[in-house]
Amino acid sequence: MSRRIDIVEVGPRDGLQNDPSDLTTSQKLEFIERLTACGVRRMESGSFVSPKAVPKMADSAEVFRGLDRTKPVRHIALALNEKGVRRAIDAAADEINFVLVAGEGFGRRNQGMTPQESAEKLMECAPLVHEAGIPLSATISVAFGDPYDGDIADGVVGGLAAQAQRAGVAEVGIGDTIGVADPWLVERRIEEVRMYAPDVYLRVHFHDTRNTGLANVAAAVKAGVDVVDASCGGIGGCPFAPAATGNVATEDVVYMLERAGFETGLDLSKLIETANWLEGVLGHPIASSLTRAGQFPV
Ligand code: COA
Ligand code: ZN
């Protein structure tokens, strides 16, 4: 097990979008700088959505303006519609991550779209991103369960991935927005997406709401996936998912993978330091295990 696993840090976006704290733009930029110093090379640094829907991301344009572009980091902007894509292009995002949705109940509340409408929106938006010469990825949210509609039928996630492939999306993330996946379902969804969309690169996105997050990461890596989303400190959650909690914590994922012999390129001591700093700035405890228990071997 010496494979390289790339971690996409989503703390500055998925992490902060639902946190009770209100970080200033300069605190967000300090967070991003600290993550960069940990070795993060790909990061969701903001989202270009309606500021009424997600007030915590209202300053994403300022965040992108303030980024240190001399550092070798790919800053990803999240977008869900044409206005968001145009704003992300104007902000000189290095990559745009579009959100597809696998469930109707969540889709209507989160973005006013059914799954099919989200795919049609992607078809409309993709040419703008391609024309701008920016890499386009997509994340399929609630791919393992919808908080309002329950289980997602087999084939739905695969069908969305196939549409993403047709839209020229290079990488598809399978997202467990509300933390209801289990390792065996993770394997099945990965197989499904590979069958329906053989040309897309796979990424996984897990929330640790029901304590299955790390097991799900392990299942995905065992199934051959080598891009994993995680958030420093395990902060975060979606404002449109009841009882949502954070992503798997970056330092916990890095610990597990590196202990098993994988390479992430991230500095675990610095990640723990950054998560501790973050806890102070947020002013409330964070979910991370490594900040509590420390590294092993010491
Ligand atoms: N950026 C900023 N403002 C936007 C926007 C964007 N990308 N898209 C729409 N708006 C504004 C419109 O200009 C309009 O403003 P107004 O009321 O001042 O005229 C308002 O939002 C409504 O626009 P509309 O096109 O009717 O959108 P909607 O009300 O159907 O909402 C979304 C659709 C996608 C904009 C909205 O649901 C949203 O932003 N959701 C965010 C979900 C999210 O980020 N979830 C977490 C990550 S998955
Ligand atoms: Zn998420």
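How many nonpolar, polar and charged residues are there in the lining of the largest cavity? Keep that question in mind as we start the tour. The model on your screen is predicted, so treat each stop as a look at a computed structure.

**Stop 1: the cavity**

Select Leu29, Ile32, Glu33, Thr36, Gly66, Leu67, Asp68, Lys71 and His75, which line the largest cavity. Now color them by class, and you have your answer: 3 are nonpolar, 3 polar and 3 charged. The space inside comes to about 70 Å³. Next, highlight helix H2, residues 25-37. Helix H2 gives the most to this lining, with 4 residues. If you look for other cavities of 30 Å³ or more, the count stays at 1.

**Stop 2: the zinc ion**

Move on to ligand 2, a zinc ion. Which residues coordinate it? Show the side chains of Asp14, His205 and His207. Asp14 uses OD, while both histidines use NE2, at 2.0 to 2.2 Å. Along the chain, these donors follow the spacing D-x190-H-x1-H. While you are here, note that His205 and His207 are both buried.

**Stop 3: the largest pocket**

Select Val49, Leu78, Leu80, Val99 and Asn110. Of the 32 residues lining the largest pocket, these lie nearest its centre. The pocket holds about 510 Å³ of space. Its lining divides into 13 nonpolar, 14 polar and 5 charged residues.

To see which elements build the lining, color helix H1 (11-15), strand E2, helix H4 (82-90), strand E4 (95-101), helix H5 (104-111) and strand E5 (136-141). Each of them supplies at least two of the lining residues.

**Stop 4: Ser47**

Stay with strand E2, residues 42-47, and click on Ser47, which lies in it. Is Ser47 buried or exposed? Ser47 counts as buried because its relative accessible area is 1%, under the 20% cut-off. Now show what surrounds it: beyond its neighbours within four places in sequence, Ser47 is in contact with Arg13, Met57, Ser60 and Leu78. You have met Leu78 already, among the residues nearest the centre of the largest pocket.

**Stop 5: the nonpolar core**

Select Ile96, Leu122, Ile140 and Phe206. These have the most contacts inside the largest nonpolar core, a set of 95 residues. The largest share of this core, 7 residues, comes from helix H11, residues 268-282. In soluble globular proteins, nonpolar side chains tend to be buried together.

Zoom in on Ile140. Setting aside neighbours within four places in sequence, its contacts are Leu100, Ala102, Val157, Leu160, Ala161, Val172, Gly173, Ile174 and Gly175.

**Stop 6: Val281**

Now follow helix H11 to Val281. With a relative accessible area of 23%, Val281 is partly exposed, because that value falls between the 20% and 50% cut-offs. Leaving out neighbours within four places in sequence, Val281 is in contact with Leu23 and Gln27. Try a distance label from Val281 to Ser21: they are 260 residues apart along the chain, but their C-alpha atoms are separated by 8.4 Å.

**Stop 7: the second largest pocket**

For the last selection, choose Asp208, Gly234, Gly246, Asn247 and Ala287. They lie nearest the centre of the second largest pocket, which is lined by 23 residues. About 340 Å³ of space lies here. By class, the lining has 9 nonpolar, 11 polar and 3 charged residues.

How values were computed. Residues are numbered from 1 along each chain as its sequence is written. Chains are lettered from A and ligands numbered from 1 in the order in which they are written. This is a predicted model: local features need pLDDT of at least 70, side-chain atom pairs count only at pLDDT 80 or more; totals for chains, interfaces and linings use all residues. Side-chain values use heavy atoms; hydrogens and water are left out. A nonpolar core is a set of buried Ala, Val, Leu, Ile, Met, Phe, Trp, Tyr and Cys residues joined through side-chain atoms within 4.5 Å. Buried means under 20% relative accessible area, exposed over 50%, partly exposed in between (1.4 Å probe, protein chains only). Contact means heavy atoms within 4.5 Å. Donors are N, O and S atoms within 2.8 Å of the metal (3.2 Å for Na, K and Ca); water is not among the atoms, so sites may look incomplete. On a 1 Å grid over the protein atoms alone, a cavity is a set of points where a 1.4 Å probe fits but cannot get out, and a pocket is an open set with protein on both sides within 12 Å along at least five of seven lines; lining residues have an atom within 4 Å of a point. Grid points are joined across faces, edges and corners, and a volume is the space filled by probe spheres set on the points. Ala, Val, Leu, Ile, Met, Phe, Trp, Tyr, Cys and Pro count as nonpolar, Asp, Glu, Lys and Arg as charged, and the others, Gly among them, as polar.
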